[in-house]
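Q: I am new to this structure and should be grateful for a close look at a single part of it. Please explain that part in detail and then place it within its surroundings.

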Amino acid sequence: MWPSDCIEWIRSRPFSFSARSCNKWSLNRTILCGDAAHVFPPFGGQGIASGFRDAISLSWRLKLATDPQNTVIDHEALLQAWYVERKQQLERSLASTVENGNFCNEPSRLKASIRNWYFWIVQLVPSWKHELQLGGRREGMTKYDWEPGLPFLPQFGGGKSFPQVFSAPIDGLAPPIPEFTDDAIFAPHKTTVLQLVALLNSVDDIPTARVELESLSFSADKSVMLDLSEATLIVHNTATLPTSIFSPSQKASASSAESIIRVLDAAEYTAAGLTPAALATRFPRPEPLFYDPDRIRRDLGWDKKYVLVRWDRFVFASCKDVDELREAVAAIDGCF
Amino acid sequence: MALNWRLTLPTPASHPDFPLWRLGYTPEEVYDIFFPQDFNFICDPTRPSVCGRFGRTEDRLWRFEFVVKDGEDGNVMATQEEASKIIFPYLTHKGSRYQ
């Protein structure tokens, strides 16, 4: 037995739990967010994650609500759309939590025994085991179902979660500490609520994408919403390019906020963790199990080229060409 | 019911009779066996429980939660005496495990 004099009791207290959510999360000048708006039983590990999700999806709306140039915005509608979206995800997290709780707290010995045998058998088949490990995630990432007033374009695949994959600079090695596509798309110097992402097949597509983006025109009042000079170009299927091969015309100009990155495959991600520089960081680098470098295009559609992503990592619109993108941009004003 | 513990490592000097020293285990290894890194759902139908480490590894913090059943008093079950009856069986290993 573990020696009892090696145990210090810091805290020991009964607690109770429940699943509840407020009917309104915002009214006038008051907003309820995170645990103040909803409480979870602890079985899904969803409480803190939901709080973070609430916060990031509130953040860009607060930016819009407090923008001095934006005098026409309907604050009540803006915040109501926020909690309508959040409640959609909350219901799914809750279902997953209740599922976990029922597995753990089965009071019947017979049913508990059947449960144990079921899980033992399922884990004999690797693909079944993976399904089991995914749990509530087996349905894929969260997708908001469109309702009137929600700020995304369902006709252009809006409302989906925007996945992230490992990335590297277009003309550089994979970094010693892993970087994600989101780190570039939402880099600290990026400012606008919507970020434009171009999904490209090769570096040869970069000049065309630049020309197409420059052909779009914006009215000045969209400045808080979208700034094309902050665009992120993500190149798939590209190994490290020596800088000498990468022509100056393909590089971003020094003054631009634009980012050009490439997607890493599992082999390059793993190899990058074995360099002396990476080992020196002692940064934990989990094995890329089930990693899919094409995850963004698989989730959004292989034909999508331009994506407008909201700051909370939900897709506003994914477009197959510049004409669709022009339509999506024109629809921004009516959505916020 | 939830409790948090801070643990200290037993050593051959502080606990000379602890049996695992004879088998060559170090204090760190003993800690890892009794308080493994993974989250552990103890799906005992008579008393579902959950336990796991929390905080920084070097702080050796551990949490154990168990269901308080109908008719039991949560405050009584939270006393060291009652909680120990539930938890200590999980911290008592059979010698056969180490043969």
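A: The part chosen here is helix α3(A), and the model in which it appears is a predicted one. Of the 14 residues of α3(A), the number buried is 0, so the helix lies largely in the open. Burial is a matter of counting: a residue is buried if 20 or more other C-beta atoms lie within 10 Å of its own. The length of α3(A) can be checked as well. At 1.5 Å a residue, its 14 residues should span 20 Å, and the end C-alpha atoms are 20 Å apart, which agrees with that expectation. As a general point, an α-helix has 3.6 residues a turn, so residues three or four places apart point the same way.

The surroundings of this helix lead to the second chain. In the contact between the chains, 20 residues of chain A meet 29 residues of chain B. On the side of chain A that touches chain B, the elements giving two or more residues are β1 (7-13) and α3 (109-122) of chain A. The largest share of that side, 7 residues, is supplied by β1(A). By character, the residues on the side of chain A that touches chain B divide into 12 nonpolar, 3 polar and 5 charged.

The strand that shares this side with the helix deserves attention in turn. β1(A) is hardly covered, with a count of 0 buried residues among its 7 residues. Strand β1 of chain B, residues 2-7, is joined to β1(A) by 6 bridges, and the two run antiparallel. Two facing pairs can be located between these strands. Trp9(A) stands opposite Trp5(B) in β1(B), while Glu8(A) has Arg6(B) of β1(B) opposite it.

Chain B, the partner in this contact, has 3 helices and 4 strands. Read from the N terminus, its elements follow the order β-α-β-β-β-α-α. Its C-alpha trace spans about 45 × 30 × 25 Å along the principal axes. Of the 99 residues in chain B, buried residues make up 9%. Among contacts in chain B between residues at least 6 apart in sequence, 39% join residues at least 24 apart.

Chain A, to which the helix belongs, comprises 10 helices and 12 strands. Of its 336 residues, 29% count as buried. Among the contacts in chain A with a separation of 6 or more, 68% are accounted for by residues 24 or more positions apart. The chain is divided into domain 1 (20-105) and domain 2 (154-335). Where these domains meet, domain 1 of chain A gives 9 residues and domain 2 of chain A gives 6 residues. On the side of domain 1 that touches domain 2, the residues divide into 3 nonpolar, 4 polar and 2 charged.

Chain A also contains an open sheet of 7 strands, in the order β7-β6-β10-β9-β8-β11-β12, with mixed pairing. β7 (179-180) and β12 (315-319) of chain A stand at the edges with a single partner strand each, so one side of each is left without a neighbour in the sheet. At one of these edges, β7(A) is joined by 2 bridges to strand β6 (residues 166-169) of chain A, and the two run antiparallel. Phe166(A) stands opposite Phe180(A) in β7(A). β6(A) also pairs with β10(A) in the antiparallel sense, over 3 bridges. In that pairing, Ala168(A) has Arg262(A) of β10(A) opposite it.

Helices accompany this sheet. Helix α6 (residues 206-214) of chain A packs on the sheet, touching β8 (194-200), β9 (232-235) and β10 (259-263) of chain A, and its direction makes about 145° with that of β8(A). Helix α10 (residues 322-330) of chain A lies across β11 (306-310) and β12 of chain A, and runs at about 150° to β12(A).

To return to the part chosen, α3(A) has 0 buried residues among its 14, and together with β1(A) it is one of the elements that give two or more residues to the side of chain A touching chain B.

Note on methods. Residues numbered from 1 in each chain as written. Chains lettered and ligands numbered in written order. Predicted model: local features only at pLDDT ≥ 70, side-chain atom pairs only at ≥ 80, totals over all residues. Contact = placed C-beta atoms within 7 Å. Nonpolar A, V, L, I, M, F, W, Y, C, P; charged D, E, K, R; others polar. Pairing = 2+ DSSP bridges. Axes fitted to C-alpha atoms, helices over the stretch in contact; angles between N-to-C directions. Expected span 1.5 Å × (residues − 1). Buried ≥ 20, exposed ≤ 12 C-beta atoms within 10 Å, placed from the backbone. Domains from an automatic or database assignment.
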